[in-house]
Every structure is written in structure tokens, then in C-alpha cells.
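The exercises below are meant to be worked through with the sequence and the 3D structure open side by side. Try each task before reading the solution that follows.

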Amino acid sequence: MIRDTIKAAQVASMKAGDKSRLAAVRLILAKLKDKDIELRTAASVPDDDALVIDVLQKMVKQRRESITLYEQGGRQELADIEKAELVVIEEFLPAQMSEDEVKAAIAAIKDELGATGMKDMGRVVGELKARHGTQIDMGKASGLVKAALG
């Protein structure tokens, strides 16, 4: 399980005295704890790995947005901190599909569903997320789906 890997990384960071890595790992664990608390009242709880991946993907997206804003605002030192956190967060995510692999997956789903135009975009994106959601940046994938259907 990914959660166990993250906890092991926390212990390893403490032993190594790597303060910046330890801080990033603790951020991840704090977000996971928040999500666990949020799901206490939920009717159905997703698989733990799926939950962890979802939290990590949201953290990656937040870091990328922050990096862009900090760089535009001339705050390079803050952008560098975010980049360091991003590297640590991404190492716990499963390997991401390349753009060519994503296009191939979209083409296969498009053929399977018989999708012909933009009216089918929701079905194609939904199926893509169900099959490959943990390995794809869905923000970029929706643009690729739009291009394939358009």
C-alpha cells in the first residue's frame, strides 16, 4: 500500500535528518489524515490506494499552480520550495502515462464506445478516468479527448 510507503519515507527522512523531505512527507500524511476524517461519515469509502492517489494528485495540481503564480509574482524562493515538495509528492504516485499512451487509450475507448463527436465527450472522459485515472493528469487528458472527438 502507498500509505505504508509514505510512512516508511517519513521514518527514513527523520533518520537521515533530511528536514525539507520530512516536511513534505508530513504534509502528505496530514492531507491523508484530513481525508480520513472527512470520510468517517461517508456512505462508501474508496480503496485506500485510490484514496491516497487522489489526495496526491490534488496536491501535485496545487503545487504546480502555486509554482506558476510565485514565478509570475517574482517570488522564486517560494517557487523553489514548492518545486521541492512537488518532487517528493510525485515519487509516491504511480508512473504516469506518456502523451502517446494517453492518445492510444483515448482512441481505444472512442472506438469501443462508438463515440463520434463532442456529445460523447463526457462518456469518453468518464471511461478514461475509470480505467486510467491514477496514471493520467485528467486536466491534460480532457484536452486530448476534445481534440480526438473534435
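**Pockets and their linings**

By class, the lining of the largest pocket comprises 13 nonpolar, seven polar and ten charged residues, where Ala, Val, Leu, Ile, Met, Phe, Trp, Tyr, Cys and Pro count as nonpolar, Asp, Glu, Lys and Arg as charged, and the others, Gly among them, as polar. This is a predicted model, in which local features need pLDDT of at least 70 and side-chain atom pairs count only at pLDDT 80 or more, whereas totals for chains, interfaces and linings use all residues. Residues are numbered from 1 along each chain as its sequence is written, and side-chain values use heavy atoms, with hydrogens and water left out.

**Exercise 1.** Describe the largest pocket by its volume and its lining, and then do likewise for the second largest pocket.

*Solution.* Begin with the term: on a 1 Å grid over the protein atoms alone, a pocket is an open set of points where a 1.4 Å probe fits, with protein on both sides within 12 Å along at least five of seven lines, and lining residues have an atom within 4 Å of a point. Next, take the largest pocket, which holds about 790 Å³ of space and is lined by 30 residues, with Q57, Q96, I136, D137 and M138 lying nearest its centre. Two or more lining residues come from each of α3, α5 (99–113) and α7 (138–149), and the largest share, nine residues, belongs to α3; these helices are DSSP runs (H or I, at least four residues), numbered from the N terminus. Finally, the second largest pocket has a volume of about 150 Å³, and its lining consists of K31, D34, K35, E38, V55, K58, M59 and Q62. Helices α2 and α3 are the elements that give two or more residues to that lining, which by class has two nonpolar, one polar and five charged residues.

**Exercise 2.** Identify the elements that build the largest nonpolar core, and find what V25 touches.

*Solution.* A nonpolar core is a set of buried Ala, Val, Leu, Ile, Met, Phe, Trp, Tyr and Cys residues joined through side-chain atoms within 4.5 Å, and buried means under 20% relative accessible area, with exposed over 50% and partly exposed in between (1.4 Å probe, protein chains only). The largest core has 20 residues, and those with the most contacts inside it are I2, I6, V25, I28, L32, L56 and F92. Two or more of its residues come from each of α1 (2–16), α2 (19–38), α3 (48–72) and α4 (76–90), and α3 supplies the largest share, seven residues. Turning to V25, and not counting residues up to four places away in sequence, one finds that V25 touches I6, A9, Q10, S13, V88 and F92.

**Exercise 3.** Which helices does the salt bridge between R63 and E85 tie together, and are R63 and E85 buried or exposed?

*Solution.* A salt bridge is a side-chain nitrogen of Lys or Arg within 4 Å of a carboxyl oxygen of Asp or Glu. The side chains of R63 and E85 meet at 2.6 Å, N to O; R63 lies in helix α3 and E85 in helix α4, so the pair ties together parts that are 22 residues apart in sequence. Both R63 and E85 are buried, E85 having a relative accessible area of 16%. Leaving aside its neighbours within four places in sequence, E85 is in contact (heavy atoms within 4.5 Å) with A24, L27 and R63.

How values were computed: Grid points are joined across faces, edges and corners, and a volume is the space filled by probe spheres set on the points.
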